[in-house]
Amino acid sequence: MTTALEALRRIAAYAVITNESDQVLLVRASEQSGTPGIWSLPGGAVDHGEHPNDTVVRETAAETGLSVAVTGLRDVLADMRALPHRGVTIHTDRVIYAARVRGGALRERIDQPTDLVSWLDLDECAKLPLRPFTAAALGLSALAADQIPDEVPDFPSFHAVPGADGLHRAQRFAAYAVVTDRQQRVLLTRIAPNYPGAGLWHLPGGGTDFGEQPGTALIRELVEETGQRGRLGELLGVASHRDAASLGPEGYPIDWHGVRAFYRVRVDRATRPKVYDQGGSTAEARWVTPNELGELGPDDVTEVTAEALRAAALPRMPRQV
């Protein structure tokens, strides 16, 4: 039975790294890990306030002895696994990058969560027990399956932990969308009073639920916040923003770290936006024409909105964003 396990969430980042022989770099989990003997991409947990891009560089150096540079974003996915021997069920949001080697030398580790590191051909990888997310990133079938809990555990959408500095800390993964319709209008939402960024224009989307894939969460949030039904498109990027003393409806400052994936979404049959999730962080939603979008300035939109709109390269952008 896995229903009584403690629920935990984390955000992690990994890299697909290849060499001139088209071999991929993998690391093996040691006896000190939760999955001994299983191979995976190099990477690991994102520290509070850390950009996943930097996580990949740091973790790859620690696990392999190599210095890498991130060259692109490949995918974002989530998985849930039960670890009864640890008494936990973990939901992990994983950011998968492409990277290249800049320098260093391969080295193996002793008394660490990973012990072996190797360059391997894809046919060699296919014969190894791989973590499911690693197999998916390489286009292979996983020989080793994670233990999935009997049911999705209860886990609060808001979870802050007291820190040593006196502030509560919260790390949250979310998915947002640059939504357009057939008239090339962009769908924006306005943040409600008493929430961080109140009054600013934002993108449709929000935090993902325990056990939920980012794309699924995004389409759900789009309906709840705006009443629109859209088609999920390409992954545009991943943003990391930290607000070290954000005051919201909780009534006390929180050191927030948000990691946000943003996608293109197309709405084929646009309707008048309606906010169904009353009392939440969204006060209103509206379709904005390209000209209206161009009239917005950097102080009118949130950080993630500005970053996502730049990535989407729309014809008319907010001024100086």
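This passage describes the aromatic ring pairs of the structure and a charged side chain placed over one ring. The model is predicted, so that local features need pLDDT of at least 70 and side-chain atom pairs count only at pLDDT 80 or more, whereas totals for chains, interfaces and linings use all residues. Residues are numbered from 1 along each chain as its sequence is written, and side-chain values use heavy atoms, with hydrogens and water left out.

The structure contains 2 aromatic pairs, a pair being two rings of Phe, Tyr or Trp (its six-membered ring) with centres within 6.5 Å, classed as stacked if the planes are under 30 degrees apart, edge-to-face if over 60 and tilted otherwise. The ring centres of Y14 and F133 are 4.5 Å apart and the planes stand at 45 degrees, so this pair is tilted. Distant parts of the chain are linked by this pair, since Y14 belongs to strand β1 (residues 6-17) and F133, 119 residues away, to helix α3 (residues 132-138); helices (H or I, at least four residues) and strands (E, at least two) are DSSP runs numbered from the N terminus. Y14 counts as buried at 4% relative accessibility, as does F133 at 3%, where buried means under 20% relative accessible area, exposed over 50% and partly exposed in between (1.4 Å probe, protein chains only).

In the pair of F155 and F210, the ring centres lie 5.4 Å apart with planes at 45 degrees, so this pair is tilted. F155 is partly exposed, at a relative accessible area of 24%, whereas F210 is buried at 8%.

R94 lies over the face of F133, 4.2 Å from the ring centre, the criterion being NZ of Lys or CZ of Arg within 6 Å of the centre and within 35 degrees of the ring normal.
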